[in-house]
Amino acid sequence: MDLVHLWIFLVGLVIILYVVLDGFSLGIGLLFPFAENEEERDVMMASIAPVWDANQTWIVFGGGALFASFPKIYTILFSALYIPLFTFLFGLIFRGVAFEFRANTQDKAKWNGAFFGGCLVATIGQGLTLGAYISGIRTDEGGFAGGAFDWLSPFSVMVAVALVAGYMLLGATYLLIKTTGNVRDRAFRQAFYAVLAVAFFMIVVSIWTPYKDPAIWARWFSEPRVYWVWTFPLLGIISFILILDHLKKRQELSPFILSILLFLSAYLGLQAAIYPYAILPDVTIYEAAAQRETLIFILWGVAFILPVVLAYTIYSYWVFKGKVTAEESYH
Amino acid sequence: MDVVLLSRLQFALTTAFHIIFPTLTIGLAIYLVVVELLWLKTRLEIYYRMYRFWVKIFAIHFAVGVVTGITLEFQFGTNFARFSQAVANIMAPLLAYEAMTAFFLEAGFLGIMLFGWKRVPPVIHFLSTCLVAFGASLSAFWIMAANAWMQTPAGYELVDGQFMVTSFKDAIFNPSFSSHLIHMLMASYVTAAFAVAGISAYFLLKKQHVFFYRKSMAIALIMAALFAPLQIFVGDWKGLVVAEHQPAKLAAMEAHWETNRDQGAALILFAIPDMKNEKNHFEISIDNMLSWLITRSSHGEVKGLLEFTKDERPNVPITFFSFRIMAGIGFIFVFVMLWAGVLWLRKKIYDTPLFLKALVAVQPLGFIATISGWITTEVGRQPWVVYGLMRTEDGVSPIAAGNVIWSLSMFMIFFGIIGASYMYYTLRMLRRGPDLESPIPPIQRMAGVRPLQSENGI
């Protein structure tokens, strides 16, 4: 594996880590309106209060790592997706401050709304970004050459809705691990509906994507990809069936892990559709990659620092293991 | 309005709003380390209570700082794509390292710092506080390296308009890096110290929780006494670096138009710089002082703005006034600390209402000085985005102005809401005062803890 491939793998890894980790935090926000009272909302907040910030940091690192390893993806994508990305950021702002502000106000309803709204807007922004990215971006001489609303299409809107369902699934299955009683019981039902929605959207995306862009179809079924690309939908189907089964058996831990696998299957399928392009339809990963010295310089950090980061992240989850109570929603 | 101006306005607004929060948290984290160390060493409950109170202030600033900070990293790509493409090989790794070494550390251990009281033993908690404080200062290391590189680029070669790295060591430790970093860290420490001292003084004047706020103020004043005078020397050093590497910026900071030959350059205390006619109005100045400051001799030559063509000069009034505001506040702080020293010798530091009122009055000045300093350094770098090599107008993204008008308006509305709510909740938190009642979690109850005494007058 050469340096460029190693880096596309690493950037992919960071992005999926972000999607899963912040996905469940955002998902809990998306489920906020379904809580029946303030105590339930406190419990939901408490389940992520000590970890949401560290989860969110993966996108900060993801942005930096993408900028450093594939500057052309970073600059073209960010110019092209100006509006969805700022939408995402505005959502993150309200989601983030809600943890502190909500705990310090009499009028919790206002910041409950901001928390839910922030999570919803952030998720939609991400979904539009993803949808537009798969749809391709007009470029010229290594720069963005499209219009301000190129990102908006029925397909990108559908991906945004799909991501809302996906994050709800992650959020609900995470709540199974962290909560008890009413909140957990409701999360079982929520996870059930969410996984059905996710399966539906995954099928739609799988048909719509190659229909939109036959080149994707060709890439999926090109040699040697054709020999292993079918494992991704298979992984998806197995995860889906197991999630339904384990939800029925009232398992608390496994649905979350299986949901991650479901996400992974979709993510790998998309990567297989896009590779070897960095930006469809014209920019390849080699054209997009940074200078060799730069790739090596950040690789040192990833090799020596990232394992430490992962270690203390796991430690932090271990410190806060177990079910949460409402009073842990604020320090 | 064009994309260049709008994008600059947006970046200026978002950085100015953002910098308020890390400025406080970088310094306040150090303060919390000291307080927690005192708690572990002395086992006086008061220090535990102090920590729990000030960490709330820390947390609310941290949250706003984090969410506003993310927008900056994104704006390099959304608004300054051509600049980002050109400098990516050198600057982007610094941002990646900032996230990897500093942000993860802060975010990872912040959870334990805030929520870990019932779950980890005292030593682990203290370690978490230390790591958060270390992470906060470390993030400044990387971001100041990136910004300093834009001021004094090094360790690169230009190939077809693309900056290629030749040495990361030279790029990071570029000529203005050390003074830039230390100046910012000192600014944070001083700002946080005066913030805590000012808040404490306010409640001492109101005679609320006197023992609690005396202790809080004492540590803050020791911090201020260390760093406020030091900052003057660091500022002087930084001025010399600017003079050597960014003479146009220095000339704009000092509204110094004509290069002085065979005579000393005067230090202008006040003037209205007139860029059109290339001179100053209503000038009040001290003879030879600028030469003394920059060259350490009475007649040393200091390059004037006229040496640079009009399209290579920064905006003089903005650079000049923002610099004066920053430096003026620096001297006010030193003056307040001299006063504090005199009162301390006479053992009257807590009983001089005028002094306490002064502390309350200067409380917000650190933030104003920090923002002014950033305006000086960023506006003073113009018209360059990479000093002397790439013009700001060549750095923006190929996007429609409407995009930026939309996002800038959203930022103004949202920052208005966030800013107002932040102020409201912070003041509310302060008005409620410290919680001296809640029991200390069992895992934190070390042997020999000395509880609060009623005769302490809390």
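**Pro383(B) and H12**

I started at Pro383(B), which sits in the loop between helix H12 (365-381) and strand S5 (384-386) of chain B. This is a predicted model, and I kept that in mind throughout. The peptide bond leading into Pro383(B) from Gln382(B) is cis, with omega near 5°.

Then I looked back along H12(B) itself. I checked its length: at 1.5 Å a residue, its 17 residues should span 24 Å, and the end C-alpha atoms are 24 Å apart, so expectation and model agree. Next I asked how many of the residues of H12(B) are buried. I got 16 of the 17, so the helix is largely enclosed by the rest of the structure.

**The other cis bond**

I also noted a cis peptide bond in chain A, joining Leu280(A) and Pro281(A), with omega at about 0°. Pro281(A) is in a loop too, between strand S3 (277-279) and strand S4 (283-284) of chain A.

**Positive phi in chain B**

I pulled up Asp160(B), which is not a glycine but has a positive phi of about 50°. I found it in the loop between strand S1 (156-159) and strand S2 (162-165) of chain B. Buried or exposed, I wondered about Asp160(B)? It has 6 C-beta neighbours inside 10 Å, so it counts as exposed; the cut-off for that is 12 or fewer.

Ala255(B) was next on my list: again not a glycine, and again with a positive phi of about 50°. It lies in the loop between helix H8 (247-253) and strand S3 (267-274) of chain B. Here I counted 26 C-beta neighbours inside 10 Å, so Ala255(B) is buried, given that 20 or more is enough.

Following the chain on into S3(B), I saw that this strand pairs with strand S4 (residues 279-286) of chain B in the antiparallel sense, over six bridges. The two strands make a hairpin with four residues between them. In that turn I noted Glu278(B), with a positive phi of about 55°. Across the pair, Pro273(B) stands opposite Asn280(B) in S4(B).

**The core**

I looked up the largest nonpolar core and got 274 residues. The residues with the most contacts inside it are Tyr31(B), Trp54(B), Ala193(B) and Ala224(B). Helix H3 (residues 81-115) of chain B gives the most to this core, with 25 residues.

I picked Ala224(B) and asked which residues it is in contact with, leaving aside neighbours within four places in sequence. The list reads Val190(B), Ala193(B), Phe194(B), Ala197(B) and Met337(B). So one of those partners, Ala193(B), is also on the list of residues with the most contacts in the core.

**Pro71(A) and the A/B contact**

Over in chain A, I went to Pro71(A), which lies in helix H4 (residues 71-80). It has 28 other C-beta atoms within 10 Å, so it is buried. Its C-alpha atom is 6.6 Å from that of Ala289(A), although the two are 218 residues apart along the chain. Beyond its sequence neighbours, Pro71(A) is in contact with Ala290(A) and also reaches into chain B, to Ser84(B), Gln85(B), Ala88(B) and Ala92(B).

That made me look at the whole interface: 55 residues of chain A are in contact with 57 residues of chain B. On the chain A side, the elements giving two or more residues include H4, helix H5 (82-103) and helix H14 (292-304). H5(A) supplies the largest share, 13 residues. By class, I read off 35 nonpolar, 15 polar and five charged residues for that side.

**The two chains overall**

Last, I checked each chain as a whole.

- Chain A has 15 helices and four strands, and its C-alpha atoms fill a box of roughly 55 × 40 × 40 Å along the principal axes.
- For its 331 residues, a compact globule would have a radius of gyration near 20 Å; chain A has 20 Å, which agrees.
- In chain A, 53% of residues count as buried, and of the contacts between residues at least 6 apart in sequence, 78% join residues at least 24 apart.
- Chain B has 13 helices and six strands, with a C-alpha trace spanning about 70 × 50 × 40 Å.
- With 458 residues, the globule value would be near 23 Å; chain B has 24 Å, which agrees.
- In chain B, 53% of the residues count as buried, and residues 24 or more positions apart account for 75% of the contacts with a separation of 6 or more.

Note on methods: Residues numbered from 1 in each chain as written. Chains lettered and ligands numbered in written order. Predicted model: local features only at pLDDT ≥ 70, side-chain atom pairs only at ≥ 80, totals over all residues. Core = buried A, V, L, I, M, F, W, Y, C linked by C-beta atoms within 7 Å. Contact = placed C-beta atoms within 7 Å. Pairing = 2+ DSSP bridges. Rg over C-alpha atoms; globule rule 2.2 N^0.38 Å. Nonpolar A, V, L, I, M, F, W, Y, C, P; charged D, E, K, R; others polar. Expected span 1.5 Å × (residues − 1).
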